[in-house]
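Where does this protein leave enclosed empty space, and which residues surround that space? The report below takes up these points, together with the packing of nonpolar side chains.

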Amino acid sequence: MTSREPVPQPSAVPELVGAFTPLLAAESDAEAAAAGVESRDLQQAVWLRLLERLDGDGLPDRPADWLRRAVRAEARRARRTTVRELPYDDEPAPDSRSGPGSDLAPAPECAALAAERRRALRSAIRRSPARCRRLLAAMLSPNDLTYQEIAGKLGISQGSLGPMRSRCLGCLRRMLAAEVAAPDHRGKLR
């Protein structure tokens, strides 16, 4: 006799969601970076798969195992999609109507790209080590702090600020490069 998890009934779906949300979050966090997607996007896709499954086969026999497999399947699907997507060669040209001295808003494409860059930067800063987060937050402060003020705020010597900044920016650069790097196609051009 094998030990199996009890098969939950459809009325138990809210309890199932509550019980497996932490597991789904952990599995999605582990797979998201390698797949090049946000963890919450993976979580949403898995919950949708579960809802689709309820219409057909019903709830899985072993929900925890099914959930782990579903996260990995969604991560693989995201990686395959990334391989097929082709980035633009160049960014869209700025709208000639919106320039310095113009009261018009920038072109929607430029505004969307700028917002995406800011989102990616903020996300990478949040994932960086604590010392780097504090340093980068101070450097990006709207108060335009001097090196002396930043060093005082962080409680470090002004002389160690430059090397620390260099290490933090290198870490940030590596994290951002991993997010936007296109997969290698074995030397083949498309």
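What follows describes a predicted model, with the cavity treated before the nonpolar cores.

## The enclosed cavity

Rolling a probe the size of a water molecule over the atoms shows where empty space is left. In this predicted model, one cavity of 30 Å³ or more is found, and the volume of the largest cavity is about 40 Å³.

The lining of the largest cavity is made up of Leu16, Phe20, Trp47, Leu50, Pro63, Trp66 and Leu67. Sorted by character, these lining residues comprise seven nonpolar, no polar and no charged. At least two lining residues come from each of α1 (13–35), α2 (39–55) and α3 (63–84), and α3, with three residues, has the largest share.

## The largest nonpolar core

In soluble globular proteins, nonpolar side chains tend to be buried together. Here the largest nonpolar core consists of eleven residues, namely Leu16, Phe20, Leu24, Val46, Leu50, Leu59, Ala64, Trp66, Leu67, Ala70 and Val71. Two or more residues of this core are given by each of α1, α2 and α3, and the greatest contribution, five residues, is that of α3.

Leu67 belongs both to this core and to the lining of the largest cavity. When residues up to four places away in sequence are not counted, Leu67 touches Phe20, Leu23, Leu24 and Val46.

## A separate core

Apart from the largest nonpolar core there is another core, of ten residues, which includes Ala138, Ala151, Met164 and Cys168.

Key: Residues are numbered from 1 along each chain as its sequence is written. This is a predicted model: local features need pLDDT of at least 70, side-chain atom pairs count only at pLDDT 80 or more; totals for chains, interfaces and linings use all residues. Side-chain values use heavy atoms; hydrogens and water are left out. On a 1 Å grid over the protein atoms alone, a cavity is a set of points where a 1.4 Å probe fits but cannot get out, and a pocket is an open set with protein on both sides within 12 Å along at least five of seven lines; lining residues have an atom within 4 Å of a point. Grid points are joined across faces, edges and corners, and a volume is the space filled by probe spheres set on the points. Helices (H or I, at least four residues) and strands (E, at least two) are DSSP runs, numbered from the N terminus. Ala, Val, Leu, Ile, Met, Phe, Trp, Tyr, Cys and Pro count as nonpolar, Asp, Glu, Lys and Arg as charged, and the others, Gly among them, as polar. A nonpolar core is a set of buried Ala, Val, Leu, Ile, Met, Phe, Trp, Tyr and Cys residues joined through side-chain atoms within 4.5 Å. Buried means under 20% relative accessible area, exposed over 50%, partly exposed in between (1.4 Å probe, protein chains only). Contact means heavy atoms within 4.5 Å.
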